[in-house]
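This report goes through one model in running text, beginning with a pair of side chains and moving on to the loop, the salt bridges and the helices.

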Amino acid sequence: MKAAKIAYKPVGLALGATSGMIAGVAFKQAWKIIGHDDDAPDATDENRTWQEVLLAAALQGAIFAVVKAAVDRAGAVTTRRLTGTWPG
């Protein structure tokens, strides 16, 4: 394994944690707008409909995927600018 890939591992882990936090905040804000409620439904919440639960899950998954991809890509681009090597 190349030294750049090994050196990028801790950076990638930190970026993953950061992207999770950003995505969580973004999802909560999006759900307040879409769901007109402060709390997103859990799958086992008996007071919520199937439609509501599945919509929340799909929205959460989409937001997490987009934020993770954006943060990972920005980290890789920044790493190449600083080191001249693509970390992937």
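In this predicted model, Phe27 has a relative accessibility of 8% and therefore counts as buried, the cut-off for that class being under 20%. Trp31 is buried as well, with a relative accessible area of 1%. Phe27 and Trp31 are four residues apart in helix α1, which covers residues 3–35, so about one helical turn separates them.

A pair of aromatic rings is described by the distance of the centres and the angle of the planes. The count of aromatic pairs comes to one. The ring centres of Phe27 and Trp31 are 6.4 Å apart and their planes lie at 35 degrees, so the pair is classed as tilted; planes under 30 degrees apart would have counted as stacked, and those over 60 as edge-to-face.

Ser19 is another residue of helix α1, and at 4% relative accessibility Ser19 counts as buried. When residues up to four places away in sequence are left aside, Ser19 touches Val67, Lys68 and Val71. Val67 and Val71 are among the buried residues of α2, and Lys68 also lies in helix α2, although Lys68, at 44% relative accessibility, counts as partly exposed.

Which residues of α2 are buried? They are Val53, Ala56, Leu59, Ile63, Val67, Val71, Gly75, Ala76 and Thr79. The helix itself has 34 residues, and the distance from its first C-alpha to its last is 49 Å, close to the 50 Å expected at 1.5 Å a residue. After α2 comes Gly84, which has a positive phi near 85 degrees.

Ile6, which lies in helix α1, is partly exposed at 48% relative accessibility. Between Ile6 and Gly75, which are 69 residues apart along the chain, the C-alpha atoms are separated by 15 Å.

Ile33 also has its place in helix α1, but at 63% relative accessibility Ile33 counts as exposed. Together with Ile34 and Leu55, Ile33 makes a nonpolar surface patch of about 300 Å².

The loop between α1 and α2, the latter spanning 50–83, contains His36. Most residues other than glycine have a negative phi, and most peptide bonds are trans. The phi of His36, by contrast, is positive, near 55 degrees, and this residue is not a glycine. With a relative accessible area of 72%, His36 is exposed.

How many salt bridges does a search of the whole structure find? The search finds four, and the table lists some of them with the N to O distance of each.

| Salt bridge | Distance (N to O) |
|---|---|
| Asp37 and Arg48 | 2.7 Å |
| Arg48 and Glu52 | 3.2 Å |
| Lys68 and Asp72 | 2.6 Å |

The side chains of Asp37 and Arg48 meet in a salt bridge at 2.7 Å, N to O. This pair links distant parts of the chain, with Asp37 and Arg48 eleven residues apart and each placed in the loop between α1 and α2. Asp37 counts as partly exposed at 30% relative accessibility, whereas Arg48, at 17%, counts as buried.

Arg48 also forms a salt bridge with Glu52, for which the closest N and O atoms are 3.2 Å apart. Glu52 is partly exposed, its relative accessible area being 24%. Asp37, Arg48 and Glu52 thus have a place, along with Asp45, in a network linked by salt bridges.

In the remaining row of the table, the side chains of Lys68 and Asp72 meet at 2.6 Å, N to O. Both residues lie in helix α2, where they are four residues apart, about one turn of the helix. Asp72 is partly exposed, with a relative accessible area of 25%, and Lys68 likewise counts as partly exposed, at 44% relative accessibility. Lys68 therefore appears twice in this account, once as a partner of Asp72 in a salt bridge and once as a residue that Ser19 touches.

Terms used:
Residues numbered from 1 in each chain as written. Predicted model: local features only at pLDDT ≥ 70, side-chain atom pairs only at ≥ 80, totals over all residues. Heavy atoms only, no water. Phe/Tyr/Trp six-rings, centres within 6.5 Å; stacked < 30°, edge-to-face > 60°. Helix = DSSP H or I, 4+ residues; strand = E, 2+ residues; numbered from the N terminus. Buried < 20%, exposed > 50% of the residue type's maximum accessible area, 1.4 Å probe, protein only. Patch = residues over 30% accessible without salt bridge, like charges linked within 9 Å, V, L, I, M, F, W, Y side chains within 5 Å. Areas by Shrake-Rupley, 256 points an atom, 1.4 Å probe, with all protein chains shown as cover. Expected span 1.5 Å × (residues − 1). Contact = heavy atoms within 4.5 Å.
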